[in-house]
Amino acid sequence: MLRKIKIYIASPFFNKTELENIEKVENILINRGFEVFSPRLNEVRGEEAGSSAWSKETFMNDRRFIDWADAVVMLYYGGYSDSGTAWECGYAFGTNTPVVVVHLGEDSNLMIHEGCHTNITLDELSDYDFDKMPHKPYKGKMF
């Protein structure tokens, strides 16, 4: 039996567009048979949101699952970048976990597209080969 590929989804989920996109990505990856960890679906419970205990537990939980993952899928909105999502991408890079950036914005910061394994669109995610992990450089507007 083949081992399921484990994927961590790094994405903001603070507004309607972000929520719609992360739900699409969760569904795509789950329906493809991957083992998926999404912070949106695994928020820390039992601690008061915004408290120091909640903050520490959320951080440790997300870091633990990035370490668990075979790959990180980052939903990236270009010039607008959630600092937590950018940190997750950088941490994954620093631990040699490949980052697949799904570009949803009009541009990209070089630290994101150069610090990832590949750059794709949301449409390409449905067919992206996580076994072979082909590299695709970013070709759009950058800063």
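A residue is called buried when its relative accessible area is under 20%, and exposed when that area is over 50%, with partly exposed residues in between. In the predicted model described here, this definition applies at once to strand β3, in which A71, V73 and L75 on one side and V72, M74 and Y76 on the other are all buried, so that both faces of the strand are covered. Because 6 of the 6 residues of β3 are buried, the strand is largely enclosed by the rest of the structure.

The pairing of β3 was examined next. Strands β1 and β3 pair in the parallel sense, and 4 bridges connect them. Within this pairing, I7 stands opposite A71 of β3. Strand β3, which spans residues 71–76, also pairs with β4 in the parallel sense, here over 5 bridges. Two of the residue pairs can be named: V102 of β4 is the bridge partner of L75, and H103 of β4 is the bridge partner of Y76. The two strands belong to a right-handed β-α-β unit, whose helix is α3, residues 83–94.

Strand β4 comprises residues 99–103, and 5 of its 5 residues are buried. Its two faces are both covered, with V99, V101 and H103 buried on one side and V100 and V102 buried on the other. Besides its pairing with β3, β4 runs parallel to strand β6 (residues 118–120), to which 3 bridges join it. In this second pairing V102 stands opposite I120 of β6. V102 is also the bridge partner of L75.

The surroundings of one β4 residue, H103, were considered in greater detail. H103 has a relative accessible area of 14%; because this value is under the 20% cut-off, the residue counts as buried. The side chain of H103 is joined to that of N119 by a polar contact of 2.7 Å. When neighbours within four places in sequence are left aside, the residues in contact with H103 are Y76, S108, H113, N119, I120, T121 and Y138. Of these, Y76 is also the bridge partner of H103.

Attention then turned to helix α1, which covers residues 16–31. The helix has 16 residues and reaches 22 Å from its first C-alpha to its last, close to the 22 Å expected at 1.5 Å a residue. Its buried residues are E18, N21, I22, V25, E26, I28 and L29. Viewed down the helix axis, these buried residues fall within an arc of 165°, and therefore they line one face of α1. They pack against β1 (6–10), β2 (35–37), β3 and α5 (122–125). The exposed residues K16 and N31 are carried on the face turned away from the buried side.

Both ends of α1 show local features. At the start of the helix, a side-chain oxygen of N15 reaches to within 3.1 Å of the backbone nitrogen of T17. Just after the helix, G33 adopts a positive phi of about 95°.

A further residue of α1, K24, has a relative accessibility of 44% and counts as partly exposed. This classification follows because 44% falls between the cut-offs of 20% and 50%. The C-alpha atom of K24 is separated by 20 Å from that of D70, a residue 46 residues apart from K24 along the chain.

Methods. Residues numbered from 1 in each chain as written. Predicted model: local features only at pLDDT ≥ 70, side-chain atom pairs only at ≥ 80, totals over all residues. Heavy atoms only, no water. Buried < 20%, exposed > 50% of the residue type's maximum accessible area, 1.4 Å probe, protein only. Pairing = 2+ DSSP bridges. Right-handed = clockwise from strand over helix to strand, strands pointing away. Expected span 1.5 Å × (residues − 1). Arc of directions from axis to C-beta. Contact = heavy atoms within 4.5 Å. Polar contact = N/O pair within 3.5 Å; in protein donor to acceptor, adjacent residues only side chain to side chain.
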